[in-house]
Amino acid sequence: MTKSQQPSPGAGEIHDEHGDVFTALLDGSLHFGLWDDTTRSMREAADNMTDLMIDELAVKSAQSVLDIGCGIGEPAVRLARARNVDVVGINVSRQQLAAATERAAAEGLQDRVRFEFADALDLPFPPESFDAAWFFESLLHMPDRLRALSQAARVLRPGGRIAVADFIRRGPDLDEQTAVEERLAGFHISAMPTLEDYAETVAAAGLVMAAAIDVSDRSWRQTLAVVQENIARLQHTFTTPSGQEDYWAEARETLPRIAEGSALGYAVFVAAKPRG
């Protein structure tokens, strides 16, 4: 594997250093939320998004799921409890792994949910080890989405499903997209694909697309509004990415435009491994 194919440890270092910032920006979560008319908080919205991913993964009791880029373990624990499945979460942030392990133990699920250090681009599991897998807002930290999806497909049993939550490019505003991607690169967030890009990548990984759900109108603007509020409230407590001393001031200036624009968004994808 070449050096360019090994970004995940770098992403792990970013999360070790700035993980508290990320969770503060999202009111304790590590992923975007999903809003409807009854949603009253970021906490509820984050649970809504997790429930959508759980529904789309469609796993059954006693099956096994690989959580690739498990964060602090909250979605894995919610999945295990909702569907009575076994979950193995992997991550390259040791701080997040420790937090995830502590969360599973606190929920009394340590016998069904475990976490370990591993790189998504070189999964340490034999072929056909899991019934399902998901990348819950983690594939965006991997510059080689095809390799990551191919690795996931390798360890998936025939007929198994993979769910992905990811940022997407929706419109033609390349200037806006480029500005956002340059800002996000400091946090090891890679270029945003279109829905069509995803379809091609999924096929190249040997998977069959089952669903592509653009939830931008119920997620992107609402979540970024929460982030804007928390930057204004907590900015003085945050560290800055290396070499980007004006990062938070610039973020406060540009986030409203990003949130209200139509060029970027959020989607959930579901793919399946062919049975034969």
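**Exercise 1. The β-α-β unit**

Determine the hand of the unit made by β1, α3 and β2.

*Solution.*

Step 1. Establish the basis: this is a predicted model, in which local features need pLDDT of at least 70 and side-chain atom pairs count only at pLDDT 80 or more, whereas totals for chains, interfaces and linings use all residues. Residues are numbered from 1 along each chain as its sequence is written, and side-chain values use heavy atoms, with hydrogens and water left out.

Step 2. Locate the elements. Helices (H or I, at least four residues) and strands (E, at least two) are DSSP runs, numbered from the N terminus. Strand β1 covers residues 64-68, helix α3 covers residues 74-83, and strand β2 covers residues 86-91.

Step 3. Apply the rule for the hand. A crossover is right-handed if, with the strands pointing away from the viewer, the path from the first strand over the helix to the second runs clockwise. The unit of β1, α3 and β2 is right-handed.

**Exercise 2. The surroundings of β1**

Which strands pair with β1, and in which sense?

*Solution.*

Step 1. Recall that two strands pair if DSSP finds at least two bridges between them.

Step 2. Take β2: β1 pairs with this strand in the parallel sense, over 5 bridges. Within β2, V88 is the bridge partner of L66, and D86 is the bridge partner of S64.

Step 3. Take β4 (residues 130-136): this strand runs parallel to β1, and 3 bridges join the two. Here A132 in β4 stands opposite V65.

Step 4. Consider burial, where buried means under 20% relative accessible area, exposed over 50%, and partly exposed in between (1.4 Å probe, protein chains only). In β1, 5 of the 5 residues are buried, so the strand is largely enclosed by the rest of the structure. On one side the buried residues are S64, L66 and I68, and on the other V65 and D67, so that both faces are covered.

**Exercise 3. The whole sheet**

State the order of the strands in the open sheet, and name the edge strands.

*Solution.*

Step 1. The open sheet has 7 strands in the order β3-β2-β1-β4-β5-β7-β6, and its pairing is mixed.

Step 2. Strands β3 (113-117) and β6 (208-214) each pair on one side only and are the edge strands.

Step 3. From one strand to the next, the twist averages 15°. Axes are lines fitted to C-alpha atoms, for helices over the stretch in contact, and angles run from 0 to 180 degrees between N-to-C directions.

**Exercise 4. Salt bridges between α2 and α3**

Which parts do the salt bridges E74–R43 and R78–D47 tie together?

*Solution.*

Step 1. A salt bridge is a side-chain nitrogen of Lys or Arg within 4 Å of a carboxyl oxygen of Asp or Glu. By this rule the structure has 11 salt bridges.

Step 2. E74 and R43 form one of these, at 3.0 Å from N to O. Because E74 lies in α3 and R43 in α2, the pair ties together parts that are 31 residues apart in sequence.

Step 3. In the salt bridge of R78 with D47, the closest N and O atoms are 3.7 Å apart. R78 lies in α3 and D47 in α2, so this pair also ties together parts that are 31 residues apart in sequence.

Step 4. R78 is partly exposed, at 33% relative accessible area, while D47 is buried, at 19%. R43 is partly exposed, at 29%.

Step 5. A network of salt bridges links R43, D47, D51, E74 and R78.

**Exercise 5. The nonpolar core**

Which residues of the largest nonpolar core touch the most other members?

*Solution.*

Step 1. A nonpolar core is a set of buried Ala, Val, Leu, Ile, Met, Phe, Trp, Tyr and Cys residues joined through side-chain atoms within 4.5 Å.

Step 2. The largest core holds 55 residues, and the members that touch the most others are L79, W220 and Y266. Helix α2 (residues 42-57) supplies the largest share, 8 residues.

Step 3. Contact means heavy atoms within 4.5 Å. Leaving aside residues up to four places away in sequence, L79 touches I54, L57, V59, V65, N84, V85, V87 and W134.

Step 4. Another core, of 30 residues, lies apart from the largest one; L66, F135, A148 and L149 are among its members.
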